[in-house]
Amino acid sequence: MEVRGQIFLPNGNPAQVKIRFLLGDEDGQRPQESFSTDSKGGFVINGLKAGAAYTFVVESDGKSWATTTERVRLLGAQPYVTIRLRPLVTAPAPEKPTSS
C-alpha cells in the first residue's frame, strides 16, 4: 500500500527542508528504516500493510523541534499521515551566583 504524508514544523507550517525520519512497525516484523521528506516536508512510502500500526520518529534538529514520535494505524484505501513536530524546549541557563 502507498502512504503519503507531510511533516509540519512546531509553528504549524509545512517543513521547507528535507527531514529524515525513521519508520518501524509495531509488531517488529519490518526492520526500522530511514526515509527523507522532499524539500516541502512531504513523503511517499510504498509497501506498507493496510490496518497495520507503524511508528514514525523524527529526531530533534537541536534548534527548533524536539524528537517527535507518532504512532499511526493505516486505515482506508489511501491513508495520509500528518506529523506535527514538537517544539524544542531548552532549559534556562543557570543563574550566576551573586557575590556579597
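Buried means under 20% relative accessible area, exposed means over 50%, and partly exposed covers what lies in between (1.4 Å probe, protein chains only). With that in hand, start with the whole chain: 36% of its 100 residues count as buried.

A word on ground rules before you click further. This is a predicted model, in which local features need pLDDT of at least 70 and side-chain atom pairs count only at pLDDT 80 or more, while totals for chains, interfaces and linings use all residues. Residues are numbered from 1 along each chain as its sequence is written, and side-chain values use heavy atoms, with hydrogens and water left out.

**Stop 1: the whole chain**

Show the protein chain as a cartoon. You will find zero helices and seven strands, where helices (H or I, at least four residues) and strands (E, at least two) are DSSP runs, numbered from the N terminus. Along the sequence the pattern reads β-β-β-β-β-β-β. The radius of gyration, taken over C-alpha atoms, is 17 Å, well over the 13 Å that the globule rule (2.2 Å times the number of residues to the power 0.38) gives for 100 residues, so the chain is more spread out than a compact globule. Along the principal axes, the C-alpha atoms fill a box of roughly 70 × 30 × 20 Å.

Now switch on a surface. About 6700 Å² is exposed, and carbon and sulfur atoms supply 49% of that area (Shrake-Rupley method, 1.4 Å probe; for residues, only the protein chains shown count as cover). If you prefer a contact map, take contact as heavy atoms within 4.5 Å. Of the contacts with a separation of 6 or more, 53% come from residues 24 or more positions apart.

**Stop 2: the four-stranded sheet**

Next, select β3, β2, β5 and β6. In that order they form an open sheet with antiparallel pairing; two strands pair if DSSP finds at least two bridges between them. The edges are β3 (33–36) and β6 (68–73), each of which pairs on one side only. From one strand to the next the twist averages 25°, using axes that are lines fitted to C-alpha atoms, for helices over the stretch in contact, and angles from 0 to 180 degrees between N-to-C directions.

Zoom in on residues 20–25 and 53–58. These are β2 and β5, antiparallel strands joined by four bridges. Pick Leu-22 and look across to β5, where its bridge partner is Val-57.

**Stop 3: Glu-70**

Move to strand β6 and select Glu-70. Its relative accessibility is 27%, which makes Glu-70 partly exposed. Beyond neighbours within four places in sequence, Glu-70 is in contact with Tyr-54, Thr-55, Phe-56, Ile-83 and Arg-84. For a distance check, draw a line to Gln-16: the two residues are 54 apart in sequence and 20 Å apart in space, C-alpha to C-alpha.

**Stop 4: the salt bridges**

Finally, show side chains. There are two salt bridges, each defined as a side-chain nitrogen of Lys or Arg within 4 Å of a carboxyl oxygen of Asp or Glu.

- Select Arg-71 and Glu-26, whose side chains meet at 3.9 Å, N to O. This pair links distant parts of the chain, 45 residues apart: Arg-71 is in strand β6 and Glu-26 in the loop between β2 and β3. Arg-71 is exposed at 61%, whereas Glu-26 is partly exposed at 44%.
- Select Glu-2 and Arg-4, whose side chains meet at 3.2 Å, N to O. Glu-2 is partly exposed at 36% relative accessibility, and Arg-4 is partly exposed at 44%.
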